[in-house]
Amino acid sequence: RKRTECLAQPSEAQDKVLKPALVCSLFPNVPPTIYFSTRDEAVEKLPWEQRKLLRWKLCSVTPNIVKQTIGRSHFRVSKTSSDWLGCWGNHMKSPGFKAIREHQKLNHFPGSFQIGRKDRLWRNLLKMQARCGKKEFNFFPQSFILPQDIKSLRKAWEEGGSRQKWIVKPPASARGNGIQVIHKWSQLPKRRPLLVQRYLQKPYLIGGKKFDLRLYVYVTCYDPLRVYLFKEGLVRFASCRYSSSVESLGNKFIHLTNYSVNRKNAAYKPNSDETACQGHKWALKALWGYLTQKGVNCEAIWEKIKDIVIKTIIASEPYVNSLVKMYVRRPYCCHELFGFDIMLDENLKPWILEVNISPSLHSNSPLDVSIKGQMIRDLLNLAGFVLPSVDSVASETQTRSCSTNSMGSALKKSKPISEHLRAEKMKKVYYLMQKIPDQDFYSSVLDILTPDDVRVLVETEDEYSRRGQFERVFPSHISMRYLRFFEQPRYFNILVTQWELKYYLNRHKG
């Protein structure tokens, strides 16, 4: 016990709602998941034999808001032990994922930098655009990666005329570091590598200022793909009025919306009220309220944002899936929160600016605490942390066969295992081999469910029931239209999409 550090804050448990420590599954014989609470709730303590398993791996980058949330569920930070259940840390090289044991969960997927690095994101979106057409992938500015695209950039530059502007970004930086807006070829930095993007010159302005949206996207699994979008987010304003003049290009407080840049401006005004349209940072719901008063259809904007999110995640899907199969023992071991930065142009069309694989969770104000605190609590509940058996923690060999958190025990098998596996393999091949499948053909995937099908559907339904303020954007009843964007079809994507189509209006029956 000397090796661990208690995370729980001094508790005023008397005036808090007491919540059970575990959330039961919707289904019999499926293990419960650990419950994570908000600040106004207290979580009951499990018996010591179970509570001693609640260990979180200490990491220098773990945000306080995560520490506070896990502390309320009686996790302790383990400084030396490898017997942890969860870790919120830095991304690591793919082979490092091999070390994660079957009952452990890390907040990254191998290969997620394929959209988290600016150069990889644009390369992958351009690839999708070439494969699926500009009509479907027209939500990102024209982009070039230097040095390899220097000739293409020169050609686009010469065709663009004298009034064009470009934004230059280092491909792996964050918080606005190294970003500049230029209008002359001679201003192009000699440093390489670089990302050069056509500047969105006509952003939608509020109070004469530019702003962008920081939205939180959470992926629990890549096969089947399950993507959630948090309903709340942050609206981040530039701290000086917008100007399109070339003289203004050197002023970052006009052209950049990053909080880490604008807070250095003496004119920066904080905002602690999540309902107020004031200061240089708003809650997303305050923006929707403001736009609704102006007669804007905010629901239509939200639908376009969901479309962008799904397509961007699909752009990284082949890379992540191949690396998960290669380096990760179980899909359970990974989950990831992405920070999507979206800008609205003068026609209120959303454009993607970048994706962060370690979005800032620093909470400098009551507004940040309120939004990020709720989001992290809902995320950890969605993640579905399961208490392993004491044996599975003690013995690595036993974790490989342990079914405590595998749902295997939920499926009573009457036939020999080999016969089941053969039937499952044949069914998957049958649905993946069709040249031009139609809806009638796909719907038959639900006619006879294999044990593997049941496991995936149980997991998907249980997870959905724990979503909190997250909205699941994939799978949904309209996901069939997205299946053609996948580089290769995935059987479980077909299965869960058909399930949604059939039961989304009647989950009880499903």
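The following dialogue goes through how some descriptions of this predicted model are reached.

Student: Why is strand β19 called largely enclosed by the rest of the structure?

Tutor: A residue counts as buried when its relative accessible area is under 20%, and seven of the seven residues of β19, residues 350-356, are buried, so the strand is largely enclosed by the rest of the structure.

Student: What makes β18 and β19 a pair of strands?

Tutor: Pairing requires at least two bridges found by DSSP, and six bridges join β18, residues 336-344, to β19, the two strands running antiparallel. One of the bridge partnerships is that of Ile342 with Ile352 in β19. Five residues lie between the strands of this hairpin, in which Leu348 takes a positive phi near 65°.

Student: Where does Ile352 stand in the largest nonpolar core?

Tutor: Ile352 is listed with Leu287, Ile305, Ile313 and Phe338 as having the most contacts inside that core, which has 83 residues. Helix α9, residues 298-327, gives the most to this core, with 14 residues. As for Leu287, the residues it touches, leaving aside those up to four places away in sequence, are Ile206, Phe211, Leu213, Val235 and Trp282.

Student: Why is α15 called oblique to α16?

Tutor: The axes of α15, residues 451-465, and α16, residues 491-503, come within 11 Å and cross at roughly 60°. Because roughly perpendicular begins at 65 degrees and roughly parallel needs under 35, this crossing makes α15 oblique to α16. The crossing is right-handed, and the contact involves, among others, Val456 and Leu457 of α15 and Phe492 and Trp499 of α16.

Methods
Residues are numbered from 1 along each chain as its sequence is written. This is a predicted model: local features need pLDDT of at least 70, side-chain atom pairs count only at pLDDT 80 or more; totals for chains, interfaces and linings use all residues. Side-chain values use heavy atoms; hydrogens and water are left out. Buried means under 20% relative accessible area, exposed over 50%, partly exposed in between (1.4 Å probe, protein chains only). Helices (H or I, at least four residues) and strands (E, at least two) are DSSP runs, numbered from the N terminus. A nonpolar core is a set of buried Ala, Val, Leu, Ile, Met, Phe, Trp, Tyr and Cys residues joined through side-chain atoms within 4.5 Å. Contact means heavy atoms within 4.5 Å. Axes are lines fitted to C-alpha atoms, for helices over the stretch in contact, and angles run from 0 to 180 degrees between N-to-C directions. Angles under 35 degrees count as roughly parallel, over 145 as roughly antiparallel, 65 to 115 as roughly perpendicular and the rest as oblique. A crossing is left-handed if the near helix is turned anticlockwise from the far one by less than a right angle, and right-handed if clockwise.
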